[in-house]
Every structure is written in structure tokens, then in C-alpha cells.
Amino acid sequence: MLANLHVKNFAIIDEIDVDFGTHLNILTGETGAGKSILVGSISIALGARVSSEIIGKNGDHAMVEVVFQISDQATLDQIRELDVEPEDGQIVISRKITENRSINKINGESVPVSVIRKVAALCIDIHGQHEHQSLLDPVRHREIVDEYSGDKCIQIREEVRSLYHLFKKKEKELQQDSLSAEERARQLGFLEYEKEEIEAASLKPGEIEEVEESYRRMSHAGAIAEVLGDVHERSGETAVSAVSHGLRRLQEIRGLDPALDDLTEELMQIEGLLGDFNREVADFMSDFSFDENDLNETQRRLDLIHTLQSKYGETYEDIMEHLQEINEKIEQYADYETYLEKQRSEFEDLKQKLRERSRQLTSCRKKSAAVLEEKLMDALQDMNFAQVDFTIQILQKEMFGPDGMDEVEFMIATNPGEPGRSLGSIASGGELSRIMLAIKSVFADSDAIETLIFDEIDAGISGRTAQKVSEKMSVLGKRHQVICITHLPQIAAMADEHFVIEKDVTESASTTKIRLLDRQEAEEELARLLGGVEITEAVRKSAREMKELADSRKQYS
């Protein structure tokens, strides 16, 4: 669960530190108090894109940190597979945002933001107020059906995708290989020219590097000879004479102090080393000789190598690999009809495998959809869709794609006797919100993700429907940690922990703060939600009754 949120110098938040409860956490506040900023800070902590514009006025950086306490062993194992080691089941994710970059850490160690996103996806699910619009896209319906099956449909779908990519690749190769006799003759002539060019060069392993080194040495022969001559002269008679002179003088005083023995020995070694070095330089100079013809021949060889590299690859291995491909193509053209028949046979085999796996995927989706459809019907009825008829329609396409052959679409009829129609044609924003909440609640039964965040999912609902949604939220809160931003008193009344987000406005600045309410403060906040501008004693009484009713409903939910 999300145990703690710490935000500092983020937009109009100076600094907040929040410890969330384990069940249903409700966040309320006036419009413009900063509720969206708070959710935005959590999203950024979990890897969302961030701009330096969010840095507040109290420093040169913003800081967001979240602390997760993970109890599910499977989730901990998945996190470890990302090379992140939880500490006593705890994950601390922090992001420091500066003018030019963000510094991302998990448990104190710097990590790429991509790792943060992967870890966060295992810990928390954020549902924003606009996410329900994704339900208008049938592609999302297919994904939901696949996800509900667990690994079953998803595993088959990945196999279908892999087969599909191979199928399209083979299809493209077959199209390219279907050449006329004239075009085949032209291609064959070109391949034989390339083969002859590579084989005539007689390139050897390691030769490219050797020729480049030889040419570099030969082309700088003048500079090498000049420097070696100068070094030989300076390390010759003058240097040796100076060292010999020093050695003779040391011999004169050697017996006066035992320590002089070591100095004398060292200088004798220097004399020997200097003589050896001078002789080695002389030997190198005597061997370092070539004529102009050697340089010209090396340059011609290097030019040929560069020509091969520009056509066939940078390394010897690349060029030889290209030659092997040429030989294979020539062999194919030698018995072209046999080769083409083999390609067609492989293509048909692949097509048949893809069709079979696509059919298995369809069967898996139909089984998953049947169970999901029943679960969603129950969940929708719990949220005041009393006469709803919800079906998941699966239609076959004529041709398969990377996700199989299925078109999946959620169909709904909200009144008795009406035919089912697509969500986009009949569902309002409030209805889409409830459908998405129903989906979330169904998935939550088997979902290992411990924390769910709902950002104003109650948009467009009120009255009895709001009451039903609040009860569903409370049931979710028994099995998961739920953090919900709401403007509805029916939902706020169900809170196990109720926080209020406030904006402190002064002449110089506006600052967002958050605090946990006690029972009396929570009832006063409910009265504000109920009464608007003027809060009367009657409104306060209604707020107390609403809270008491919520408490009683939580006992039986």
C-alpha cells in the first residue's frame, strides 16, 4: 500500500507529508484548492513526464517521494526481477526535479525513470477522471477481456503476435522473390559481379587492421625518423658521458657514507638502461626502412579495402557474411522453382499455424468474456443500473492481425426491451464512470495491486446512484487501499480516513495544504459539501446522519 507521500516545493505546495490509511481514504476540498496538483505529484513520483515549470518558489528544485509497504509475496518477487531489492517489504521512490533534469531513486539508488514506471505499475493503479473515455475504444474492450483471463489469453495473444510478424516477414520475402526470368537474370548477374569482386580481393582475417596500421606508419615515416634520430642523439654519447662522469665522482666518495652505496648502485643501473635504450633505438631505426613502392602498394590495398567496406560492411566478418548471402542467393536462382516452392510451402504452414492460434485465442476470449460479462452485470446492478443488459460481443474479422481475428465490443442497454448498443452511442459521462468503476471492482477481486487511486470518478452522478457508488467504493476499500478524490458527500461519508485539501491564500502567495480530519471535522466537511455557501444547523444534522448511515452500511457491506 501507499504508506506515505512527501512533497516539497511542488507548484503551490510548499511542503506536505501524508500518511495514508490501509482502507478507504477520501480527499475533499474546495474547487481550486489543489486536489489535481496533489494527484499530479503522485503521478510524477511514479514516473510521469515532468517539466521544470512545476518547481515552486522556495528553491531551485522540487521533491516528490512515495513510500510503499508491499505485503504480497508475488509482487515482491516481480519487483526483485527488476533488480530492485525491497527493504523489509518497503519501496521508497523519490524524484528530485531540477531546471535541467530529474534525479530518480528507489531505496536510495539511482535508477532510470523506466524502472520507476515498471515498479509503480506493480504497486498502484491510478484511475483519472478522463480515463473512462478509453471505454469508447473497442480496442480497449479487447484488452480488458484478455487481461481478465489472467495469463491464458495474454500468452496466446503474444504467440499470435510473434507468428503474425513472422508471417508478414515471410510474405514480404515471397513478394520480393517472385521475379520474372528477365529480372532474375539481371539480379544473378549483379550477384556474380559482387561475388567476383569480394573473392578477387582475397581478404584475410585481421588484414583490414594490419593494412591500416602499416599505411599509418609508412605515411608518417618522415616524422618517425626525425624524432627517433633526435632521441638517439640525445640518449647517446652526451647522456652516457654525463652519467659515467657522475658515476666516477660517486666512486670517489663512496666509502665516506654507507648510504652512498645505494646511490652508486642506482646510477650504475641507469647507465646500463640508457645504453640498452640507445641500442634499441638504433636497431629500430635500422629496421625502419621501406621504399616508395611499398607505400604505394599499401595505399592501393587500403583503397580496395575501403571500397569493399563501403559496399559490403565495415569488418572482415561483415564482408564474409555478405559473401555467404550472395552464394545462397546464387544457389537459390540455380534451382529457382524448387526454392520458390519451398518458400510458398513455409508461408502456407506459417499461415495455417497463425490461423489455428488465432482460433484458440478467440475461444479463450469467449470463455473470459462470458465470465466477465456475468461479473460486470452484478457490479453494474450494485451501482444503480437496475435494468441494465450488458453483453460482450465478439465478432470474427475476415483476416487476422497481430491481435488475432476478433473485434470485441461492450454492448449495453439501460432500459428494458432496448437492443444492446455500443457504449459510445448511449452512455453518458456518469455512466461511463460507473462502468469503469465496475470493471475496476471486478478486477480488484483477483488483482495483486494493493493501492487504487480514483480521481473524481464520480463525475456526472448524484442521488441514489452516488450512494450505490459509495457503497461499492467501501467494499473495494475492505480488500484494497483506496484513495479517492471526490466532491460527493455520499462517497466522502464512507471514508475510513478523511483528508481535506485547503488553499491558504495571502497577499504574497497561495499554498496548498492537506490534513487528516477527526470525526467532528469530517462531519463539518460533509456539511460543507451538502450546504455549499451557507452551512446551517439543519445541514450539520444531515451531515451527522449521513455519516452514521455510512457507518451502518459499512458494517453490512
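Two strands are taken as paired if DSSP finds at least two bridges between them; strands (E, at least two residues) and helices (H or I, at least four) are DSSP runs numbered from the N terminus. The model is predicted: local features need pLDDT of at least 70, side-chain atom pairs count only at pLDDT 80 or more, and totals for chains, interfaces and linings use all residues. Residues are numbered from 1 along each chain as its sequence is written, and side-chain values use heavy atoms, with hydrogens and water left out.

**The sheet**

Select Asp504 first; Thr511 in β15 stands opposite. Widen the selection to strand β14 (residues 497-505) and β15, which pair in the antiparallel sense over seven bridges. Both belong to an open sheet of six strands with mixed pairing, in the order β8-β12-β13-β3-β14-β15. The edges are β8 (124-127) and β15 (510-516); each has a single partner strand, so one side of each is left without a neighbour in the sheet. From one strand to the next the twist averages 15 degrees, where axes are lines fitted to C-alpha atoms (for helices, over the stretch in contact) and angles run from 0 to 180 degrees between N-to-C directions.

**Helices on the sheet**

Next, display helix α1 (residues 35-45), which packs on the sheet and touches β3 (24-29), β8, β12 (451-455), β13 (481-485), β14 and β15; contact means heavy atoms within 4.5 Å. The direction of α1 makes about 135 degrees with that of β3. Then select helix α16 (residues 463-479), which lies across β3, β12 and β13 and runs at about 145 degrees to β13.

**The disulfide**

How many disulfides does a search of the whole structure find? The search finds one, a disulfide being a pair of cysteine sulfur atoms within 2.5 Å. Select Cys153 and Cys364, joined with an S to S distance of 2.2 Å. The torsion about their S-S bond is about -110 degrees, so the disulfide is left-handed. Cys153 lies in helix α5 (residues 151-177) and Cys364 in helix α13, so the pair ties together parts that are 211 residues apart in sequence.

Colour next by relative accessible area (1.4 Å probe, protein chains only), with buried meaning under 20%, exposed over 50% and partly exposed in between. Cys153 is buried at 0%, and Cys364 is buried at 13%.

**Ser441**

Finish at Ser441 in helix α15 (residues 429-444). At 5% relative accessibility, Ser441 counts as buried. Beyond residues up to four places away in sequence, Ser441 touches Ala379, Lys472, Leu476 and Arg479.
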